[in-house]
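Please open the structure in your viewer and keep the selection tool at hand. The stops below say what to select next and what is to be found there.

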Amino acid sequence: MMSTLSQTKELFRRADAVCFDVDSTVIKEEGIDELAKFCGVGDAVTEMTRKAMGGSVTFKTALTERLSIIRCSREQVNKLITDHPPQLTPGIRDLVDSLHQRNIKVFLISGGFRCIVEHVATQLNIPLHHVYANRLKFYFNGEYAGFDESQPTAESGGKGKVISILKEQYGFKTVVMIGDGATDLEACPPASAFIGFGGNVIRPQVKEKCSWYVTSFGELLKELEKI
């Protein structure tokens with residue numbers, strides 16, 4: 001049962017927790033595409049990302065295939081974060097600060113990589129135990145050794161699984177999911193409401209299916225300030 005625009009706005013204002021997608025939402029870019037470019041295999045991986053976003057292959061298949069093309073070392077990942085740190089989307093810092101001031105818990109739920117997402121969380125003063133993302137694995141010599149397939153975010157429907165875990169663990173009643181992609185939209189339910197974000201990229205299939213679609217974090221901040 002889809003919430004109306006006014007219901008979604010009200011759920012957002014009185015949320016116990018707000019969960020953000022990271023790539024193309026909290027940050028301007030897709031982390032996996034940036035990593036691929038940095039490792040010199042950008043074009044092949046961008047095409048796979050497009051298919052994953054469109055929902056034509058399962059998330060885990062797309063992730064496995066993209067990582068087997070990239071095969072990044074630990075050193076390459078660290079160098080990417082140092083040389084090309086993720087670019088925060090304008091307005092996200094103010095929005096997260098405002099949510100924190102209202103004692104609304106903030107979580108980052110990403111199909112991207114924990115090493116990159118933790119860097120973003122630190123910039124936004126989000127505790128690292130509020131980060132749910134995929135873990136890259138490396139051999140002792142730093143070479144790529146795969147990823148942790150046991151993480152809920154490695155699967156299609158993983159973001160919804162994380163929200164169910166959060167509701168159980170913290171007793172949250174109202175949890176709002178914000179993101180740009182199909183995997184974010186799918187997380188509602190169990191999320192109480194979904195807000196589509198088109199500030200970096202507009203995905204028509206997401207825009208059509210949500211009752212509240214915003215193109216800047218300023219719109220959300222304005223809504224919060226009505227309390």
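To follow the helix pairs on this tour, it helps to know that an axis is a line fitted to C-alpha atoms, for helices over the stretch in contact, and that angles run from 0 to 180 degrees between N-to-C directions. Keep in mind throughout that this is a predicted model.

**First stop: helices α2 and α4**

Select helix α4, residues 59-70, together with α2; the axes of these two helices come within 10 Å and cross at roughly 20 degrees. Since angles under 35 degrees count as roughly parallel, α2 and α4 are therefore roughly parallel to each other. Their crossing is left-handed. To see where they meet, show the side chains of I32, L35 and A36 on α2, and those of L63, R66 and I70 on α4, which make the contact. Sorted by class, this contact of α2 with α4 has five nonpolar residues, no polar ones and one charged one.

**Second stop: α2 against α5**

Keep α2, residues 31-38, on the screen and add helix α5, residues 74-83: the two axes come within 10 Å, and they cross at roughly 105 degrees. Angles of 65 to 115 degrees count as roughly perpendicular, and that makes α2 roughly perpendicular to α5. From α2, the residues E34, L35 and F38 take part in the contact, while α5 contributes Q76, V77, K79, L80 and D83. By class, the contact of α2 with α5 has four nonpolar, one polar and three charged residues.

Before leaving α2, which of its residues are buried? If you colour G31, I32, D33, L35 and A36, you will have marked the buried ones. Just after this helix, select G40, which takes a positive phi of about 80 degrees.

**Third stop: from α5 to α7**

Now hide α2 and bring in α7, residues 114-123, beside α5. The axes of α5 and α7 come within 10 Å and cross at roughly 25 degrees, and that makes α5 roughly parallel to α7. The crossing of this pair is right-handed. Here the contact is made by V77, L80 and I81 of α5 and by C115, I116 and H119 of α7. Its make-up by class, for α5 with α7, is five nonpolar residues, one polar residue and no charged residues.

Step back along the chain to the loop between α4 and α5, where R71 is placed. R71 has a positive phi of about 45 degrees, although it is not a glycine.

**Fourth stop: the loop after α7**

Select N125 and I126, which both belong to the loop between α7 and β3; the strand β3 covers residues 131-134. N125 has a positive phi of about 55 degrees although it is not a glycine. Are these two residues buried or exposed? N125 is exposed, with a relative accessible area of 56%, whereas I126 is buried, with a relative accessible area of 4%. Leaving aside residues up to four places away in sequence, I126 touches V96, H100, V106, L108 and A121. If you wish to try the distance tool, the C-alpha atoms of I126 and K167, which are 41 residues apart along the chain, are separated by 18 Å.

**Fifth stop: the nonpolar cores**

In soluble globular proteins, nonpolar side chains tend to be buried together. The largest nonpolar core of this model has 34 residues, and those with the most contacts inside it are F12, F20, L108 and I178. Centre the view on F12 and, not counting residues up to four places away in sequence, you will find that F12 touches V18, L95, L99, V176, I178, I195, W212, L220, E223 and L224. Apart from this core lies another one, of 20 residues, which includes C39, C72, L80 and Y144.

**Last stop: two cis peptide bonds**

Finally, select C188, P189 and P190. Both P189 and P190 are found in the loop between α9 and β7, where α9 spans 182-185 and β7 spans 193-197. A cis peptide bond joins C188 and P189, with omega about -10 degrees. The peptide bond from P189 to P190 is cis as well, and its omega is near 10 degrees.

Terms used
Residues numbered from 1 in each chain as written. Predicted model: local features only at pLDDT ≥ 70, side-chain atom pairs only at ≥ 80, totals over all residues. Heavy atoms only, no water. Helix = DSSP H or I, 4+ residues; strand = E, 2+ residues; numbered from the N terminus. Parallel < 35°, antiparallel > 145°, perpendicular 65-115°, else oblique. Contact = heavy atoms within 4.5 Å. Nonpolar A, V, L, I, M, F, W, Y, C, P; charged D, E, K, R; others polar. Left-handed = near helix turned anticlockwise from the far one by under 90°. Core = buried A, V, L, I, M, F, W, Y, C linked by side-chain atoms within 4.5 Å. Buried < 20%, exposed > 50% of the residue type's maximum accessible area, 1.4 Å probe, protein only.
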